[in-house]
Amino acid sequence: MPVISIAEAKKSLSALVERAAAGERIEIGARGRALVVLVPAIAFERRMTFGTLAGKLVIPPEFDAPLPGHVVQDFDGVDR
């Protein structure tokens with residue numbers, strides 16, 4: 001697929017958006033090199049099913065407990 005120049009993309013943006021929405025991958029760039037790709041938004045939607053990990057994860061009671069001093073020191077270099 002040829003790379004569409006930025007100038008051409010400016011002139012025909014509506015048509016390019018329609019083509020991308022129909023599933024076509026549109027490459028836009030300069031000097032024959034693609035800089036961006038126009039794709040349908042649906043390509044980036046995430047389908048999340050809530051509850052798929054219910055009962056599979058356990059958060060221990062000490063999860064929110066303060067970290068040991070040596071761990072804090074490793075993070076910020078300060079001994080507490």
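1. E27 counts as buried in this predicted model, with a relative accessibility of 18%. The cut-off for that class is under 20% relative accessible area, so E27 falls on the buried side of it at 18%. The residue lies in strand β2.

2. The surroundings of E27 can be listed. Leaving aside neighbours within four places in sequence, E27 is in contact with M1, P2, V3 and I4, and also with A34, V36 and V37. I4 belongs to β1, which spans 4-5, while A34, V36 and V37 fall within β3, which spans 33-38.

3. E27 also has a charged partner. R25 forms a salt bridge with E27, and the closest N and O atoms are 3.5 Å apart. R25 counts as partly exposed, at 46% relative accessibility, whereas E27 is buried. A reader checking this pair should therefore look for a buried carboxylate at 18% and a partly exposed arginine at 46%.

4. How many salt bridges does the structure hold? There are 3. Besides R25 with E27, E24 forms one with R19, where the closest N and O atoms are 2.7 Å apart. Both residues of that pair count as partly exposed: E24 has 28% relative accessibility, and R19 has 35%.

5. Another salt bridge joins the side chains of K11 and E8, at 3.9 Å from N to O. Where do K11 and E8 sit with respect to each other in helix α1? The two are 3 residues apart in this helix, which covers residues 6-11, and so they are separated by about one helical turn. K11 is exposed, with a relative accessible area of 67%, while E8 is partly exposed at 37%.

6. The sheet is open and has 3 strands in the order β1-β2-β3, with mixed pairing. Its edge strands are β1 (4-5) and β3 (33-38), each of which pairs on one side only. β2 and β3 pair in the antiparallel sense, over 5 bridges. Within this part of the sheet, G29 stands opposite A34 in β3. A34 is also one of the contacts of E27.

7. The largest nonpolar core has 6 residues, namely I4, A9, L16, A20, I26 and I28. Two elements give two or more residues to this core: α2 (13-21) and β2 (26-30). Grouping of this kind fits a general tendency, because nonpolar side chains in soluble globular proteins tend to be buried together.

8. Which residues does A9 touch, leaving aside its neighbours within four places in sequence? A9 is in contact with I4, L16 and I28. These three are also listed in the largest nonpolar core, as is A9. I4 appears among the contacts of E27 as well.

9. Some nonpolar area is found on the surface. I6, L35 and V36 make a nonpolar surface patch of about 260 Å². I6 is found in helix α1 and counts as partly exposed, at 40% relative accessibility. V36, another member of the patch, is in contact with E27.

10. Points to check in the viewer are as follows. E27 is a buried residue of β2 with a salt bridge to R25. The edge strands β1 and β3 each pair on one side only. The patch of I6, L35 and V36 covers about 260 Å².

Definitions and conventions. Residues are numbered from 1 along each chain as its sequence is written. This is a predicted model: local features need pLDDT of at least 70, side-chain atom pairs count only at pLDDT 80 or more; totals for chains, interfaces and linings use all residues. Side-chain values use heavy atoms; hydrogens and water are left out. A nonpolar core is a set of buried Ala, Val, Leu, Ile, Met, Phe, Trp, Tyr and Cys residues joined through side-chain atoms within 4.5 Å. Buried means under 20% relative accessible area, exposed over 50%, partly exposed in between (1.4 Å probe, protein chains only). Helices (H or I, at least four residues) and strands (E, at least two) are DSSP runs, numbered from the N terminus. Contact means heavy atoms within 4.5 Å. Two strands pair if DSSP finds at least two bridges between them. A salt bridge is a side-chain nitrogen of Lys or Arg within 4 Å of a carboxyl oxygen of Asp or Glu. Patches are made of residues with over 30% relative accessible area and no salt bridge: like charges are joined within 9 Å, nonpolar side chains (Val, Leu, Ile, Met, Phe, Trp, Tyr) within 5 Å. Accessible areas come from the Shrake-Rupley method with a 1.4 Å probe; for residues, only the protein chains shown count as cover.
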